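Work through the exercises below with the coordinates open, and try each task before reading its solution.

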Amino acid sequence: MTTIKSANILLPDEKADLFKYSCVACDQFTGDKEYWQQVDNLSKDAFSTYNLTFPEIYLSNDNSQRISLINETMTDYLNKNLFREIKDAMIYIERTLNNKKVRKGIVCACDLEEYEYKKGTKSLIRPTEGTIEDRLPPRVKIRENAPLELPHIMLLVNDPEKLLIEQISKDSLTPLYETVLMQNGGSLKGWLIDKKEQERIFNTLLKTDCKSGENVIRLAVGDGNHSLATAKKCWENLKPTLTEEEKLNHPARYALCEIVNLHDDALDFEPIHRVLYNVNVDEFIKTLNRNFDKNGQKITVITKDNIKDFYISPTHYLTVGSIQNIIDAYLKKNTGVVDYIHEPDQVEKNAKSDNAVGILIPSLDKKDLFPAVLENGALPRKTFSMGMGIDKRYYFEARKIK
């Protein structure tokens with residue numbers, strides 16, 4: 001079992017306007033309504049992945065109308081034959097980022113039977129952060145009735161010798177698409193991987209396992225943890241209705257993803273910062289002071305009137321874990337909500353409003369990721385980001401899941 005396979009991948013028809021078609025992952029820019037309004041203006045009347053996804057900034061207590069519209073639009077796009085299907089495909093992609101670095105990846109399907117998000121899992125495909133169960137229901141409602149999936153899931157392989165992805169020679173592959181991405185997202189190119197190269201990829205992936213005794217990680221979730229958990233939950237809900245034979249190859253058993261090398265030179269780890277809203281700022285600062293340790297872990301706190309470094313007592317081996325413990329304990333007893341934001345300037349902007357506190361957090365060294373997960377299990381939620389928001393995966397490839 002290699003944990004991955006080829007898939008019948010849907011791409012936009014060659015007549016499509018690819019600039020309007022592809023938009024960034026739905027969990028980005030959650031504190032920036034202006035960004036998503038610009039995407040809406042670009043994509044509203046176009047054949048676009050924006051119309052097939054639910055940006056988290058718009059999630060509310062009642063999401064049913066928008067979810068129904070997403071599913072109806074998927075069906076409409078399929079009925080109009082706006083996609084072309086590539087059978088048994090794996091796609092090599094190159095994403096040129098806004099900083100001109102080129103990140104390489106392989107789009108394929110991963111086996112949800114080899115993935116588990118529950119705490120303490122030893123699955124071959126391993127989450128790197130804790131899954132927030134409360135975030136799954138709206139995603140499940142979208143996926144359970146959706147005819148399509150469009151992934152922003154990125155799985156990391158620990159391949160310092162660069163045997164898997166970097167050895168692909170695009171010169172011998174068939175070009176599939178090329179486009180500039182909206183909102184300063186850089187550009188994207190894709191090539192069809194032939195059967196011989198697919199076989200090499202399957203065999204090589206087995207050689208890149210990260211091990212500690214019998215504890216083995218083959219792929220670690222870098223982005224889209226909750227999307228992959230949603231796919232898993234939907235699959236587990238569906239399984240009891242299937243025969244044993246149907247379970248073997250049902251399309252819902254798999255999730256489309258992109259595999260990226262942790263050691264890709266273009267892959268940068270960025271911290272994910274916190275902003276608290278509707279809090280008593282003075283009381284929260286007092287809470288931080290009660291957790292003061294002059295030799296502790298450093299954070300930077302931003303309020304309407306001040307920017308100041310704080311040193312907090314370590315309650316986790318990562319700073320992000322220690323401050324998250326403080327935030328969680330505070331919000332259990334007090335009013336307020338927390339958001340997770342990638343861009344420091346956006347944190348500062350949002351923290352300058354009344355009753356808000358921004359917290360800037362240091363980054364995680366990416367070489368420590370696999371060893372940390374092997375030793376300690378999933379990291380605290382929203383520990384790191386693979387690049388800034390504009391570097392995130394843009395929706396492009398799709399797959400039928402019904």
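Three exercises follow, on overall form, on cores and cysteines, and on one helix.

The model is predicted, so local features need pLDDT of at least 70 and side-chain atom pairs count only at pLDDT 80 or more, while totals for chains, interfaces and linings use all residues. Residues are numbered from 1 along each chain as its sequence is written, and side-chain values use heavy atoms, with hydrogens and water left out.

**Exercise 1.** Determine how the radius of gyration of the chain stands against the globule rule.

*Solution.* Begin with the secondary structure, which comes to 11 helices and 22 strands (DSSP runs of H or I with at least four residues, and of E with at least two, numbered from the N terminus). The radius of gyration, taken over C-alpha atoms, is then compared with the rule of 2.2 Å times the number of residues to the power 0.38. The chain has a value of 21 Å, close to the 21 Å that the rule gives for 402 residues, so it is as compact as a globular protein of that length. Finally, 58% of the 402 residues count as buried (under 20% relative accessible area with a 1.4 Å probe, protein chains only; exposed means over 50%, and partly exposed lies in between).

**Exercise 2.** Find the largest nonpolar core, and explain why Cys26 and Cys210 form no disulfide.

*Solution.* A nonpolar core is a set of buried Ala, Val, Leu, Ile, Met, Phe, Trp, Tyr and Cys residues joined through side-chain atoms within 4.5 Å. The largest has 46 residues, and Trp36, Phe83 and Tyr177 are among those with the most contacts inside it. Apart from this core lies another, of 37 residues, including Ile299 and Tyr330. Turning to the cysteines, the structure holds zero disulfides (pairs of cysteine sulfur atoms within 2.5 Å). Cys26 is buried at 12% relative accessible area, but its sulfur is 8.6 Å from the closest cysteine sulfur, in Cys23, too far for a bond. Cys210 is likewise buried, at 11%, and its sulfur is 18 Å from the closest one, in Cys257, again too far.

**Exercise 3.** Establish where the buried residues of helix α10 (residues 344-351) lie around its axis.

*Solution.* The buried residues are Gln346, Val347, Asn350 and Ala351. They cover an arc of only 130° (from the directions from the helix axis to the C-beta atoms), which puts them on the same side of α10. On the other side, Asp345 and Lys349 are exposed. Last, the buried residues pack against β16 (273-277), β17 (292-302), β19 (337-341) and β20 (356-360), where contact means heavy atoms within 4.5 Å.
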